[in-house]
Amino acid sequence: MQLLREIWYLMQKDFRLEWRQRSALNGMLLYVGSTVYVCYLSFVRGGQLPAPAWNALLWIILLFTAINGVAKSFLQESRGRLLYYYTLARPEAVILAKIAYNTLLLLGLGLVAFGAYALILGNPVQDVPRFTLVVALGAVGFATSLTLISGIAAKAANSNTLMPVLGFPVVIPILLQLIKAAKNALDGLDASPQPLYMLMGLSLLVVAVSYLLYPFLWRT
Amino acid sequence: MRNAWWKVLTVVLLIYSVVMGLLGTVPRLAILNETIRNLYFHVPMWFGMTIILFASVVYSVLYLRKPSDRLDVWAYQTARTGIVLAVLGLATGSVWARFTWGTWWTSDPRLNGAAVAVLIYGAYLVLRSSIVDEQQRARISAVYNIFAFCAAIPLLFILPRLTDSLHPGAGGNPGFSQYDLDNNMRLVFYPAVIGWTLLGVWITNVSARLTFVKHKLYEKQLA
């Protein structure tokens, strides 16, 4: 119960910070918008993209948005502020709050990106509700797997290059399942929920490992 | 000399498995033909890699429970040996694929999983080299090692089994299973697994001891 309360307060704090200095949030939204528009300019120009390419491009955009969005979650915290949290809350609460916050952030960004993408590049999706569900699960998967990585990268010297290097290999299993599930929803044919279960399983595994490992990370 | 028996065993097992692997009789199977002998080289290397990398994770867990310099060196050196074995496994697999599938590399779940596992440990090395402080490096890389191993297990052992794969042992292709691995092959295969694993242990042992000697020399210079 105590843990849940701590998570709740830390999440509130993150949202409040985000809302007060909207530059980061606006930056991310602009990032999504301009990437989608660059894709439009460079690929479409009179003609619909073939469905597999449309799908792959969307997931590349979402992946890089996620990495950029999550990377700052620990980088923006100054050393002093992190020390202050540790006097107030337990480390498990800090990492779970960050994961929850990143999930909600990426959920918003992912849905905005999907909307903008479908609006500008056309929407070949046959089964829109299922595709939206896949995008949402993707946000969960990216947020869970990248949050601990951003905590690790923040400790190292060249953390900006390190974040993608450490993150990509860990994200790839999730990304492969996502592309498969998204392709199924795109074609509207194979409704087997297996990739979705796989995604939830992977996310749960990663959350459990983060929960166990973060207490060792924060002491440094 | 008394502690060297396992090194002798390694050499004997490896010579045995290489000679018998190249000269022994193997069952005739369509498509595979003589390339089935790769079972004695490629598969034991992956087995050895898995065992060695698992040892690396165990060292990392032990380090987090009770930090010590030695455990960190062991975790690092086992990971490095694991990478060497993984690269060897990729190379032998690639040569094999050239002669049975007609291509060096295809987009197959198992192949992609293997490539990503190598990337994960490459990232581990990059992470280690980018942290200067020794204790911090040891702790952070231990955390990443455990995290990455947990993320790599589904990649290597679960995902390929859920989908069809060209790789032997999956999707109805002949490979490592009861009905086509006959007992003569087992006689060479298991010694090869033990031999390659022990070779990995040996390499790790030498490089770890070299590191300890370097640390000692450094401390002497400081004193």
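In which helix of chain A does Gly151(A) lie? The model is predicted, and in it Gly151(A) belongs to helix 6, which covers residues 128–155 of chain A. Before following that residue further, it helps to set out the chain around it.

Chain A is built from eight helices and has zero strands. Read from the N terminus, its elements run α-α-α-α-α-α-α-α. The radius of gyration of chain A is 18 Å, and a compact globule of 220 residues would have one near 17 Å, so the two values agree. Along the principal axes, the C-alpha atoms of chain A fill a box of roughly 55 × 35 × 30 Å. Buried residues account for 51% of the 220 residues of chain A. When contacts in chain A are limited to residues at least 6 apart in sequence, 85% of them join residues at least 24 apart. The accessible surface of chain A is about 9,900 Å², and carbon and sulfur atoms hold 68% of that area. As for charge, chain A carries 16 positive and 8 negative charges, and the mean positions of the two sets lie 9 Å apart.

Back to helix 6 of chain A. Gly151(A) has a relative accessibility of 3%, and therefore counts as buried, the cut-off being under 20%. What does Gly151(A) touch, once residues up to four places away in sequence are not counted? Its contacts are Phe74(A) and Leu217(A). Ala71(A) is 80 residues from Gly151(A) in sequence, yet their C-alpha atoms are 8.4 Å apart in space.

Helix 3 of chain A spans residues 51–75 and includes Ile60(A). Is Ile60(A) buried or partly exposed? At 45% relative accessibility, Ile60(A) counts as partly exposed, because that class lies between 20% and 50%. Ile60(A) and Leu175(A) are 115 residues apart along the chain, and 9.4 Å separates their C-alpha atoms.

Helix 5 of chain A, residues 91–121, holds Thr103(A). The relative accessibility of Thr103(A) is 14%, so this residue counts as buried. With neighbours within four places in sequence left aside, Thr103(A) is in contact with Ala139(A), Val140(A) and Ala143(A). The spacing of these partners recalls a general point about helices. An α-helix has 3.6 residues a turn, so residues three or four places apart point the same way.

Helix 7 of chain A runs over residues 159–187 and contains Ala185(A). Ala185(A) counts as buried because its relative accessibility is 0%. Which residues does Ala185(A) contact, leaving aside neighbours within four places in sequence? They are Val125(A), Gln126(A), Asp127(A), Arg130(A) and Phe131(A). A separation along the chain can also go with a long distance in space: Ala185(A) and Asn158(A) are 27 residues apart, and their C-alpha atoms are separated by 39 Å.

The model also holds chain B, which has six helices and zero strands. From the N terminus on, the elements of chain B run α-α-α-α-α-α. Of the 223 residues in chain B, 48% are buried. Among contacts in chain B with a separation of 6 or more, 73% are between residues 24 or more positions apart. Chain B exposes about 11,800 Å², and 67% of this area is supplied by carbon and sulfur atoms.

One helix of chain B can be followed from end to end. Helix 3 of chain B takes in residues 69–100, which makes 32 residues. How far does this helix reach from its first C-alpha to its last? The span is 47 Å, close to the 46 Å expected at 1.5 Å a residue. Just after helix 3 of chain B comes Gly102(B), with a positive phi of about 85 degrees.

Terms used. Residues are numbered from 1 along each chain as its sequence is written. Chains are lettered from A and ligands numbered from 1 in the order in which they are written. This is a predicted model: local features need pLDDT of at least 70, side-chain atom pairs count only at pLDDT 80 or more; totals for chains, interfaces and linings use all residues. Side-chain values use heavy atoms; hydrogens and water are left out. Helices (H or I, at least four residues) and strands (E, at least two) are DSSP runs, numbered from the N terminus. The radius of gyration is taken over C-alpha atoms; the globule rule is 2.2 Å times the number of residues to the power 0.38. Buried means under 20% relative accessible area, exposed over 50%, partly exposed in between (1.4 Å probe, protein chains only). Contact means heavy atoms within 4.5 Å. Accessible areas come from the Shrake-Rupley method with a 1.4 Å probe; for residues, only the protein chains shown count as cover. Lys and Arg count as positive and Asp and Glu as negative; His and the chain ends are not counted. The place of a charge is taken as NZ of Lys, CZ of Arg, CG of Asp or CD of Glu. The expected span of a helix is 1.5 Å times one less than its number of residues.
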